[in-house]
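This report describes a structure with its bound ligand, taking the strands, the helices and the loops in turn. Please keep the sequence and the model in view while reading.

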Amino acid sequence: MKHKISSEKEMIEFGKDIATKLNGGDIVLLYGDLGSGKTTLTKGIASYFGIEDVVSPTFTLMQEYQINKSASTQVSKFVHIDTYRLEDAEDLVEIGAEDYLGDGNTICIIEWPEKIEGLLADKKVTKIIIEHDGEYGRRIKIED
Ligand SMILES: Nc1ncnc2c1ncn2[C@@H]1O[C@H](COP(=O)(O)OP(=O)(O)OP(=O)(O)O)[C@@H](O)[C@H]1O
Ligand SMILES: [Mg+2]
């Protein structure tokens with residue numbers, strides 16, 4: 001599926017839209033260059049679950065959020081991983097990331113998933129590929 005986005009606000013709305021289709025255990029991989037909008041999209045998804053304080057886990061690698069209001073799903077955790085500064089996938093294992101990947105109560109969103117392909121090899125994932133299209137435009141492709 002392909003989509004065209006023309007502003008940051010639309011990216012947030014697009015994230016909320018994606019969120020309506022997510023369930024516990026889902027792993028969403030966000031591909032795209034620096035500044036393509038991966039974190040912005042994550043904020044949109046999180047916002048649907050009532051999480052408004054998403055900060056980019058560039059240095060912490062992983063941020064966990066509790067989901068309090070979850071209308072239609074049994075999701076109770078939202079986990080945001082950013083591997084940009086990760087040197088060794090083992091560092092992510094050490095902070096417990098594997099417990100979340102595919103866990104039935106958790107939604108995982110991963111920026112720069114290329115770096116941890118080994119950890120994701122046997123998991124069911126949704127891939128979202130974001131490409132720049134001018135300063136505010138973005139093209140988005142979703143592969144299930
Ligand atoms: N249509 C758009 N969608 C998302 N962001 C946009 C859009 N147009 C402009 N921007 C700007 O692009 C930047 C996107 O930043 P964001 O942190 O979301 O990207 P990122 O892909 O997470 O980058 P990084 O690889 O550094 O983590 C923001 O400064 C935002 O204001
Ligand atoms: Mg980011």
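## Strand pairing

Strands β1 and β7 are paired antiparallel, with four bridges between them. Within this pairing, H3 stands opposite I140 of β7. The model is a predicted one.

Strand β7 (137-143) also pairs with β6, again in the antiparallel sense, over seven bridges. Two residue pairs illustrate the register: I129 stands opposite K141 in β7, and K127 has E143 of β7 as its bridge partner. The two strands β6 and β7 form a hairpin, with three residues between them. In the turn of that hairpin, G134 has a positive phi of about 85°.

Strand β6 (residues 126-133) is in turn joined to strand β2 (residues 27-31) by four bridges, and these two strands run parallel. Here V28 stands opposite T126 in β6. The pairings are collected below.

| Strands | Sense | Bridges | A residue pair |
|---|---|---|---|
| β1 and β7 | antiparallel | four | H3 and I140 |
| β6 and β7 | antiparallel | seven | I129 and K141 |
| β2 and β6 | parallel | four | V28 and T126 |

## The helices α1 and α2

Helix α1 covers residues 8-19. At 1.5 Å a residue, its twelve residues should span 16 Å; the C-alpha atoms at its ends are 17 Å apart, which agrees with that expectation. The buried residues in α1 are M11, I12, F14, G15, I18 and A19. Seen down the helix axis, the buried residues of α1 fall within an arc of 160°, so they line one face of the helix. The elements that cover them include β1 (2-5), α2 and β7.

Helix α2 (38-48) is mostly covered, for ten of its eleven residues are buried. These are K38, T39, T40, L41, T42, K43, G44, I45, A46 and Y48. The cover over the buried residues of α2 includes α1, β2, β3 (62-66), β4 (77-82), β5 and β6. Helix α1 is thus part of the cover of α2, and α2 is part of the cover of α1. Just after α2, G50 takes a positive phi of about 85°.

## The surroundings of ligand 1

Which residues are closest to ligand 1? The shell holds 15 residues, of which the closest are M11, G37, K38, T39 and T40. The elements that give two or more residues to this shell are α1 and α2. Helix α2 gives the most, with three residues. By character, the shell divides into four nonpolar, seven polar and four charged residues.

Some residues of the shell also belong to the buried sets described above. M11 is among the closest to ligand 1 and is one of the buried residues of α1. K38, T39 and T40 are likewise among the closest to ligand 1, and they are buried in α2.

## Loop residues

Three loop residues merit separate comment. L101 is placed in the loop between α4 (97-100) and β5 (106-111). Is L101 buried or exposed? L101 is buried, because 20 other C-beta atoms lie within 10 Å, and 20 or more is the criterion for a buried residue. Leaving aside neighbours within four places in sequence, L101 is in contact with I27, C108, L119 and K123. L101 and V125 are 24 residues apart in sequence, and their C-alpha atoms are 9.8 Å apart in space.

The other two residues are considered for their backbone angles. Most residues other than glycine have a negative phi. L61, although not a glycine, has a positive phi of about 70°. L61 lies in the loop between α2 and β3. With 18 other C-beta atoms within 10 Å, L61 is partly exposed.

W112 is also not a glycine, yet has a positive phi of about 55°. The position of W112 is in the loop between β5 and α5 (117-120). W112 counts as partly exposed, because 19 C-beta neighbours lie inside 10 Å, whereas a buried residue has 20 or more.

Methods. Residues are numbered from 1 along each chain as its sequence is written. Chains are lettered from A and ligands numbered from 1 in the order in which they are written. This is a predicted model: local features need pLDDT of at least 70, side-chain atom pairs count only at pLDDT 80 or more; totals for chains, interfaces and linings use all residues. A residue is near a molecule or strand if its C-beta atom, placed from the backbone, lies within 6 Å of it. Ala, Val, Leu, Ile, Met, Phe, Trp, Tyr, Cys and Pro count as nonpolar, Asp, Glu, Lys and Arg as charged, and the others, Gly among them, as polar. The expected span of a helix is 1.5 Å times one less than its number of residues. A residue is buried if 20 or more other C-beta atoms lie within 10 Å of its own, exposed if 12 or fewer, and partly exposed in between; C-beta atoms are placed from the backbone. The arc is that of the directions from the helix axis to the C-beta atoms. Two residues are in contact if their C-beta atoms, placed from the backbone, lie within 7 Å. Two strands pair if DSSP finds at least two bridges between them.
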